[in-house]
Amino acid sequence: MKQSQVGQVPVHYVEHGDGMPLLVLHGAGVDHREVEACFEPALATVGGFRRLYPDLPGMSRTPAPASVASADDVLDTLVGFAADVAGSEPVLLAGHSAGAYYARGFAARQPDAVAGLALVCPLLPEARDIPEHRPVVAADLGDEEFRGYFVQQTPQMLDRYERFVAPAAALVDPDAMERIGARWDLTMPDAAGFDRPVLVVAGRQDSTVGYAAAADLVEEYPQATVAVVDGAGHALPHERPDLLAALLVDWLTRRPLPLRPRRRHDGGPPLHPATLLA
């Protein structure tokens, strides 16, 4: 793993490929391994993107010192991480669950710095109509955590859970999670001005965040593709990987609108985004 020092937080991350920076953010209680396992097979098929998978503060190898005391502090860290690894380049942001919550907050806060958003099973403050947990395929497999997360309860899904989800549980800092969770609401500016390609994917059987609020985002983002996927819950990236891959590739290959030039950190002339997206 690589490390980026952002204030007091050493952010650990994994990197693949070259090109335009694409940050992929995992959800709560896991680490980069889950989204890397679910997103990377699709993202690796499209050239020209540098995929970065950080561990969020308080999870796995990225600590959360006392100064990280809210979701806004976590977002500050992610914004600083993006500036460190991408400089003045615009970034693409993808996230699952709480990772999508942070990605959306990043784009609302700095729309000119973000070239596109992919929000998978997004955690949203306005979540509503959350269904009860009902497996689509049930079997006497795994532990309670597995059965409460997956609606496709098959040996293949249990293998993915044991490889990419469960190992992170012992690496979570519970004190940090409690501290951040007590101040979970992001300071979220109006996202109406975000006019870049957006992908929203939700599981119809998602008993964690539901799908209704995610579907509403089609009205918030003028370039949004929204998919509600039957036969998938909050573990949709594991349960419907082929469909998610097709949607991600479509998102990556949609032509972004011209971005306004961003000021260089070194004080030089603005960088013209057309050269960055070529």
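## Salt bridges across the model

A search through the whole of this predicted model turns up 14 salt bridges. A good place to start your tour is Arg128, whose side chain meets that of Asp129 in a salt bridge, with 2.7 Å from N to O. Arg128 also forms a salt bridge with Asp216, and here the closest N and O atoms are 2.8 Å apart. This second pair links distant parts of the chain: Arg128 sits in the loop between strand S6 (114-120) and helix H4 (144-149), while Asp216 belongs to helix H7 (residues 212-216), 88 residues apart. General chemistry helps here: side chains of opposite charge can pair when their charged atoms come close.

How open are these partners to the surroundings? Arg128 has 36% relative accessibility, so it counts as partly exposed. Asp216 is partly exposed as well, because its relative accessible area is 37%. Asp129 is exposed, with a relative accessible area of 56%.

Further along the chain, Asp250 and Arg254 form another salt bridge, their closest N and O atoms being 3.7 Å apart. Salt bridges that share partners also join Lys2, Glu15 and Arg50 into one network. As for Asp250, its relative accessibility is 35%, which means that it counts as partly exposed.

## A negative patch on the surface

Which residues form the negative surface patch? They are Asp143, Glu144, Glu145 and Glu162. If you would like to find Glu162 in the structure above, look in helix H5, which covers residues 155-165. Glu162 counts as partly exposed because its relative accessibility is 48%, and patch members need over 30% relative accessible area.

## A buried acidic residue in helix H1

Now for an acidic residue in another setting. Glu40 lies in helix H1 (residues 32-43). Is Glu40 buried or exposed? With a relative accessible area of 12%, Glu40 is buried, because the cut-off for that label is under 20%.

Leaving aside its neighbours within four places in sequence, Glu40 is in contact with His16, Val35, Arg51 and Tyr53.

## Buried positions in strands S6 and S7

Val201 has its place in strand S7 (residues 198-203). Its relative accessible area is 0%, so Val201 is buried. Setting aside neighbours within four places in sequence, the contacts of Val201 are Leu119, Val120, Cys121, Pro122, Ala227, Val229, Leu236, Leu244 and Leu247. One of these, Leu244, is 43 residues from Val201 in sequence, and the two C-alpha atoms are 7.9 Å apart in space.

Gly116 is found in strand S6. Gly116 is buried, because its relative accessible area is 0%. Beyond its neighbours within four places in sequence, Gly116 is in contact with Val91, Leu92, Leu93, Phe194, Arg196, Pro197 and Trp251. Where does Asp195 lie relative to Gly116? The two are 79 residues apart in sequence and 8.6 Å apart in space, C-alpha to C-alpha.

## Val74 in helix H2

Helix H2 is home to Val74. This valine has a relative accessible area of 2%, so Val74 is buried. If you set aside neighbours within four places in sequence, Val74 is in contact with Pro57, Val68, Tyr102 and Ile180.

Val74 can also be placed against Ser60: they are 14 residues apart in sequence and 15 Å apart in space, C-alpha to C-alpha. Ser60 itself is in the loop between strand S4 (49-54) and helix H2 (71-86).

## Two serines with positive phi

Ser60 deserves a second look for its backbone. What is the phi of Ser60? It is near 55°, a positive value in a residue other than glycine. For context, most residues other than glycine have a negative phi.

Ser97 also has a positive phi, near 60°, and again the residue is something other than glycine. Ser97 lies in the loop between strand S5 (91-96) and helix H3 (98-109). With 12% relative accessibility, Ser97 counts as buried, because that value is under 20%.

Definitions and conventions: Residues are numbered from 1 along each chain as its sequence is written. This is a predicted model: local features need pLDDT of at least 70, side-chain atom pairs count only at pLDDT 80 or more; totals for chains, interfaces and linings use all residues. Side-chain values use heavy atoms; hydrogens and water are left out. Patches are made of residues with over 30% relative accessible area and no salt bridge: like charges are joined within 9 Å, nonpolar side chains (Val, Leu, Ile, Met, Phe, Trp, Tyr) within 5 Å. Accessible areas come from the Shrake-Rupley method with a 1.4 Å probe; for residues, only the protein chains shown count as cover. A salt bridge is a side-chain nitrogen of Lys or Arg within 4 Å of a carboxyl oxygen of Asp or Glu. Lys and Arg count as positive and Asp and Glu as negative; His and the chain ends are not counted. The place of a charge is taken as NZ of Lys, CZ of Arg, CG of Asp or CD of Glu. Helices (H or I, at least four residues) and strands (E, at least two) are DSSP runs, numbered from the N terminus. Buried means under 20% relative accessible area, exposed over 50%, partly exposed in between (1.4 Å probe, protein chains only). Contact means heavy atoms within 4.5 Å.
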